[in-house]
Each structure stands twice: as structure tokens, then as C-alpha cells.
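Subject: Structure handover

Hello,

Here is the structure I said I would pass on. My notes on it follow below.

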Amino acid sequence: MKNLFTHEILSDDDETYVPFENPYLVSRVSSETEQLMHCTPEDHDEPTLSDEEKNALKSKEKTFLLCILLSFGAALISFMLATRVESLKDSPIILVSLAGIVAAFIFLHKVKQIQWKRNGMDGSSLKDVDFEALAERINEASKTARAEMGIPDDDVSVEILPYGYKKKGDKQVSDKKANQFDNSPMSMHVKDGKLRLFDGIGLYEIPLSDIKGYRTYDKDYRIDFWLKEEETTHEKYQAFNLRKCGILEYKTHTYYGVEIISEATGETFEMLVPGYDLEELKKVIDVEALA
């Protein structure tokens with residue numbers, strides 16, 4: 001089943017994205033409102049790279065990736081040799097192993113810096129950003145967008161778990177690592193027999209008759225951010241054992257796949273919801289577990 005709320009598909013060149021045509025998308029906010037939700041040249045001077053500069057960065061990235069591989073290889077071999085020495089702590093070989101690991105992480109950091117720069121995220125370009133003004137503008141734009149789409153004040157925010165796809169020949173496969181998701185809040189309410197969902201830009205309408213129920217995925221997974229107002233240690237989240245596993249990432253367990261079968265086309269989709277938000281979803285629709 002295809003993840004219903006995947007917005008983009010990584011193309012064959014692994015550089016650009018093409019839109020995923022969501023069959024339930026019925027409307028989008030005006031282009032003026034959408035533009036207000038993004039950074040503009042006035043917010044900061046975004047670096048513009050020429051094709052030659054991009055190719056040079058790609059070459060550097062490949063070199064550093066090779067250095068990472070060699071560093072980890074040297075560390076592994078050194079450690080294997082060190083384990084054969086009677087006194088491990090006195091062996092100079094263990095220092096080589098540690099040096100290899102440190103070098104690998106240094107090169108990994110350099111690769112990340114290159115990737116940020118290629119994507120216009122050079123840290124130096126953000127030093128003059130007025131984040132307070134930017135946040136205020138986005139907040140006002142969000143209010144305008146909700147008014148345009150007719151979102152009621154009593155809507156419920158439910159997180160979903162989308163991810164990108166990449167093309168492999170004629171097939172589309174997930175671009176994410178196994179069980180790692182971009183958690184994203186979605187405004188939900190019911191009107192005229194349809195579940196209406198709003199992601200801040202697009203409005204989706206799913207006939208309630210298309211929603212068949214949900215399956216339980218009792219496994220560990222990762223989310224990119226913690227977006228709730230309450231801390232992960234709040235009592236209502238304790239059952240999901242949320243724990244930090246990166247700078248912003250969190251690891252948890254149990255998520256649900258809401259099965260949606262389009263009566264119009266016969267296609268089957270799946271809307272993934274984190275375990276800690278199933279009860280929020282049930283506040284909006286009467287959804288039952290599938291047999």
C-alpha cells in the first residue's frame with residue numbers, strides 16, 4: 001500500500017523531487033498565502049551556487065565518504081588486532097582504532113556541511129535572519145490559510161507519518177530508512193460525510209465510506225521531531241517509551257495504518273498515525289481495528 005500523504009517522489013537523478021498526485025486533494029491555499037509561509041530573499045541572503053560549484057561540492061562529498069569508509073575500516077582492523085594482544089590497555093594499536101573512529105566522525109560532519117551548503121542551508125547565511133519576525137509572519141499566514149480553507153476552531157490536530165519515495169526502474173520504493181518517518185501535524189474535522197484534512201497548504205477530503213479501519217504495527221520506529229506541547233515524559237505518553245536518539249529524533253513504538261480504499265478508483269492507500277495520537281484520531285472519526 002502506498003503512503004497516502006507522501007507529497008514528493010525523489011526522481012531518478014536523486015537530486016530533484018516531483019509531486020505525488022494525491023487523489024483526495026481538493027484545494028490549495030492561494031499562492032500569495034503559500035509564499036508567506038516560506039523564507040524569502042528578504043529574510044536572508046541564500047547562497048546561489050553555480051553548476052561548477054555544485055559539481056565541486058559533489059566531488060568533495062564523494063572524497064569524504066571514501067575517507068569515512070577507510071577510517072572505519074582502519075578502526076575495525078586495528079581493534080581486531082588489538083584484541084589479540086595480551087594487555088589491551090597497553091597496546092598502541094587501540095589508539096589507532098580510536099583515531100580511526102574519531103576521524104570517521106569528523107569526515108561525516110564535513111559531509112553534512114557539504115550537503116547543507118548544496119541545499120542552501122549554509123549556517124552563515126542565517127546569521128542575519130529575524131526569526132521572531134519570520135515566525136510572526138508565518139503565524140499570520142497560517143491564520144489566513146485556515147480562513148481560506150474554512151477550517152473550524154474545534155478541529156483536532158493529529159500527527160501522520162509520511163515519507164518520500166524514490167524511483168527504482170518502474171517501481172517506487174520508500175526513500176526513508178526502515179521505520180523512520182517525518183512526523184507531521186494535520187488538522188482534521190468531519191463535514192458532509194467526509195474527513196477533511198489540512199496540512200497548512202492543501203485541503204484533502206476523504207469520504208468516510210473509503211476509510212476501512214486500522215492495522216497495528218507493533219514495532220519500534222523513529223520520528224524526526226517532537227511536536228507536542230507536553231514533554232515526552234507526560235503521563236499520557238509514558239506507555240510509548242519515547243526516548244531521544246539523536247539531536248532532534250525520538251524513538252518510540254507502535255504505530256497504526258489506517259486503510260483507505262478509494263471507491264472512485266479502487267486504489268488502496270494507508271495513512272500512518274503514531275501510537276500516541278490514535279486517541280486523537282478517534283475524537284474525529286469512528287475507526288475500528290481491522291480483523
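**Strand 5 and its sheet**

Strand 5 is mostly covered, with four of its five residues buried. Please keep in mind that this is a predicted model.

Strand 5 belongs to an open sheet of five strands, in the order 4-11-10-9-5, with antiparallel pairing. Strand 4 (25-28) and strand 5 (156-160) are at the edges and have a single partner strand each, so one side of each has no neighbour in the sheet. From one strand to the next, the twist averages 30°.

At one edge, strand 5 runs antiparallel to strand 9 (residues 184-191), and five bridges join them. Glu159 is placed opposite Pro185 of strand 9. At the other edge, strand 4 is joined by three bridges to strand 11 (residues 202-207), again antiparallel. There, Leu25 is opposite Tyr204 of strand 11.

**The chain as a whole**

The protein chain contains five helices and 15 strands. Of its 291 residues, 36% are buried. Taking contacts between residues at least 6 apart in sequence, 67% join residues at least 24 apart. The accessible surface is about 17900 Å², and carbon and sulfur atoms account for 53% of that area.

**Nonpolar cores**

Which residues have the most contacts inside the largest nonpolar core? They are Met188, Leu197, Ile260, Met271 and Leu281, in a core of 26 residues. At least two residues of this core come from each of strand 5, strand 9, strand 10 (194-198), strand 11, strand 12 (211-223), strand 14 (250-261), strand 15 (268-274) and helix 5 (278-282).

Leu281 shows how these parts meet. Apart from neighbours within four places in sequence, Leu281 is in contact with Val158, Met188, Val258, Met271, Val273 and Val287.

There is also a second, separate core, which has 14 residues, including Tyr163, Phe240, Leu242 and Tyr276.

**Thr232**

Thr232 is located in the loop between strand 12 and strand 13 (243-244). Is this residue buried or exposed? Thr232 has a relative accessible area of 15%, so it counts as buried, the cut-off being under 20%. Leaving out residues up to four places away in sequence, Thr232 touches Trp226, Tyr237, Leu242 and Tyr250.

**Aromatic pairs**

Across the whole structure, a search finds 11 aromatic pairs. One of them is formed by Phe181 and Tyr221; this pair is edge-to-face, at 6.0 Å centre to centre and with 65° between the planes. Phe181 is in strand 8 (residues 180-181) and Tyr221 in strand 12, so the pair links distant parts of the chain, 40 residues apart. Both residues are buried: the relative accessible area is 3% for Phe181 and 1% for Tyr221.

Tyr217 and Tyr255 make a stacked pair, because their ring centres are 4.9 Å apart and their planes are at 20°. Since Tyr217 lies in strand 12 and Tyr255 in strand 14, this pair ties together parts that are 38 residues apart in sequence. Tyr217 counts as partly exposed, at 21% relative accessibility, whereas Tyr255 counts as buried, at 5%.

Phe181, Tyr217, Tyr221 and Tyr255 together form one aromatic cluster.

Regards

Key:
Residues are numbered from 1 along each chain as its sequence is written. This is a predicted model: local features need pLDDT of at least 70, side-chain atom pairs count only at pLDDT 80 or more; totals for chains, interfaces and linings use all residues. Side-chain values use heavy atoms; hydrogens and water are left out. Buried means under 20% relative accessible area, exposed over 50%, partly exposed in between (1.4 Å probe, protein chains only). Contact means heavy atoms within 4.5 Å. Accessible areas come from the Shrake-Rupley method with a 1.4 Å probe; for residues, only the protein chains shown count as cover. Two strands pair if DSSP finds at least two bridges between them. Axes are lines fitted to C-alpha atoms, for helices over the stretch in contact, and angles run from 0 to 180 degrees between N-to-C directions. A nonpolar core is a set of buried Ala, Val, Leu, Ile, Met, Phe, Trp, Tyr and Cys residues joined through side-chain atoms within 4.5 Å. Rings of Phe, Tyr and Trp (its six-membered ring) pair if their centres lie within 6.5 Å; planes under 30 degrees apart count as stacked, over 60 as edge-to-face and the rest as tilted.
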